[in-house]
Amino acid sequence: MENEALLEKFSMLADEHNHQELRVYLDDQLITDIAELIYERPEQADLIFNNLSLTRAAASFRILDFPLQEEVIRNQPAAKVAELLNELPADDRAAFLGELPSEAVKELIKLLTPEERKITLSLLGYPETSVGRIMTPDYIAVLEEWSVKQVLDYIREHGKDSETIDVIYVVDDKGKLMDDFRIREFLLVSPDTQVHTLMDDRFVALHANDDQEEAIQTFRVENRVALPVIDDQGILLGIVTIDDMLWIANEEHTEDIQKIGGTEALDEPYLDMPLLKLVKKRVGWLVVLFIGEMLTATAMGFFEDEIAKAVVLALFVPLIISSGGNSGSQASTLIIQAMALGEISIADWWRVMRREIVSGLMLGGILGLIGFMRILLWNSLFHTYGEHTFLIGTTVGFSLVGVVLWGTLSGSMLPLLLKRLGADPATSSAPFVATLVDVTGLLIYFSVAYALMQGILL
């Protein structure tokens, strides 16, 4: 733990059972330090939460990882759980409950106040990956006929219950979103100014059923701390804040990295996941990839006669297939990341293909030239490849051009194809692309060899 002083002081007060001083001490610490203390001493999480004020307990709880949140709730008495859940912001509460089994959710929902229960059930009713699941109903909305003075008075009275007061939303008497303003726009004009005179009716809103990944792109483009969420009729339902988006973006990035590595996305921290569950997450792709790699042996068997006639060809098999796999993995990773950042879409497939054709030819040409020169140099020094060294080098060189070109095209097109089919592009992971290119790379290699060496070595 970085804050060793906090850990030592906590340990001393806990050992002395000095709860009064412990309560004062903990309430004086940063929320992030409290969370770090809980991670360091998970067995004493109950003691820490019981000695925090309700507001700070909720603030600490919301930034913990789900497994530790679940442990805290499980070990707290019902009365304490009820206080904690009702104190949590609606979006954080819905996010926590959304991870629990349905039976547990039913029991915890009963602990909420009628108003909070209604809000929570409303959020849980949206799809898990939708914007509606992470929005909060705690925002400041004003009417267009109000004056700026009325707006500021309203903010003073109700602002403490809002997720943010940086952005103020204008609605009509039916709750339809009309406009939004940064609070500075109210602070810099006369108090007698009417809200409708400041409106330009230009605003960006998310739809409750929008995908969270799309919302991340909108936040990135608009550079806002919060965005409104509306329904099909334009009614303002809630807002999504940048802190929620950063959390979602981190989760999506982590999930994509894990999938690119050839595993299913982990639902919890690596060290907290049961070993059997971890193996289950990894074994599926490994079996698929292993079966795919078995096709490599099949391809080798198909060209058994050629290999028997020119054993030297087998020496370069690892070089050929690894170069194709590496180029495919590069292209796949670049395209998946570009798609995640919104830099390219399915409609850009032809532009991507053209670039990858050129890139593949250039990269393959560079590797092919290096391979050709290496074979000539090695033979001149050690006389390894015999009298047909130039022909062998040419075969390897042209094969590298073809295999690298095929690798870059496969790696770049697979994510776009999967996206078009409605699947997750990250599942066209680097290992999957590498396995595909391994098999097809052998076909390219031996086909080139057969074309160039027929009647000479074959």
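Q: Let's start small. In which helix is the place of Arg93?

A: Look along the chain for the helical run that holds the residue. Arg93 sits in helix α8, which covers residues 90-98. Keep in mind that this is a predicted model.

Q: Is Arg93 buried or exposed?

A: You read this from relative accessible area, where under 20% means buried. Arg93 has 0% relative accessibility, so it counts as buried.

Q: Which residues does Arg93 touch, leaving out those up to four places away in sequence?

A: Here we look for contacts beyond the residue's own stretch of chain. Arg93 touches Leu85, Asn86, Leu88, Leu112, Glu116 and Thr120, with residues up to four places away not counted. For a sense of scale, Arg93 and Pro415 are 322 residues apart in sequence, and their C-alpha atoms are 34 Å apart in space.

Q: Let's zoom out. Which domains does the domain assignment give?

A: A domain assignment cuts the chain into stretches. In this protein chain they are domain 1 (1-128), domain 2 (141-241) and domain 3 (275-453). Between the C-alpha centres of domain 2 and domain 3 there are 52 Å.

Q: How do I read a sheet? In what order do strands β1, β2 and β3 come?

A: Read the strands by who sits beside whom. This open sheet of three strands has the order β1-β2-β3, with mixed pairing. The edges are β1 (141-143) and β3 (177-182); each has a single partner strand, so one side of each is left without a neighbour in the sheet. On average, neighbouring strands here are turned by 35° against each other, ignoring direction.

Q: How many bridges join β2 to β3?

A: Bridges are what you count to see a pairing. Five of them join β2 (residues 167-171) to β3, and the two strands run antiparallel. To find one spot in that pairing, look for Val167, which stands opposite Arg182 in β3.

Q: Which strands are at the edges of the sheet with β4, β5 and β6?

A: Use the order again. It is β4-β5-β6, an open sheet of three strands with mixed pairing. Its edge strands are β4 (206-207) and β6 (236-241), each pairing on one side only. Strand β5 (residues 226-230) runs antiparallel to β6 and is joined to it by five bridges. In that pairing, Leu227 stands opposite Val240 in β6.

Q: Where does UniProt place the feature "domain: CBS"?

A: A record can label a stretch of chain. The UniProt entry, which is unreviewed, puts this one at residues 199-255. Over residues 199-255 the chain is 44% helix and 23% strand, with 41 Å between the end C-alpha atoms.

Q: Now the rings. Why is the pair Phe49 and Phe61 edge-to-face?

A: Check the angle between the planes: over 60 degrees counts as edge-to-face. For Phe49 and Phe61 the planes are at 75° and the centres 6.4 Å apart, so that is the label they get. The pair links distant parts of the chain, with Phe49 in helix α4 (residues 45-50) and Phe61 in helix α5 (residues 54-61). Phe49 is buried at 2% relative accessible area, and Phe61 is buried at 0%.

Q: How many aromatic pairs are there, and which residues do ring pairs link into a cluster?

A: The count comes to 11 aromatic pairs. Ring pairs link Phe49, Phe61, Phe66 and Phe96 into a cluster.

Methods: Residues are numbered from 1 along each chain as its sequence is written. This is a predicted model: local features need pLDDT of at least 70, side-chain atom pairs count only at pLDDT 80 or more; totals for chains, interfaces and linings use all residues. Side-chain values use heavy atoms; hydrogens and water are left out. Domain bounds come from an automatic or database domain assignment. Two strands pair if DSSP finds at least two bridges between them. Helices (H or I, at least four residues) and strands (E, at least two) are DSSP runs, numbered from the N terminus. Axes are lines fitted to C-alpha atoms, for helices over the stretch in contact, and angles run from 0 to 180 degrees between N-to-C directions. Buried means under 20% relative accessible area, exposed over 50%, partly exposed in between (1.4 Å probe, protein chains only). Contact means heavy atoms within 4.5 Å. UniProt positions are given in the numbering used here, feature names are shortened, and annotations may be inferred rather than shown by experiment. Rings of Phe, Tyr and Trp (its six-membered ring) pair if their centres lie within 6.5 Å; planes under 30 degrees apart count as stacked, over 60 as edge-to-face and the rest as tilted.
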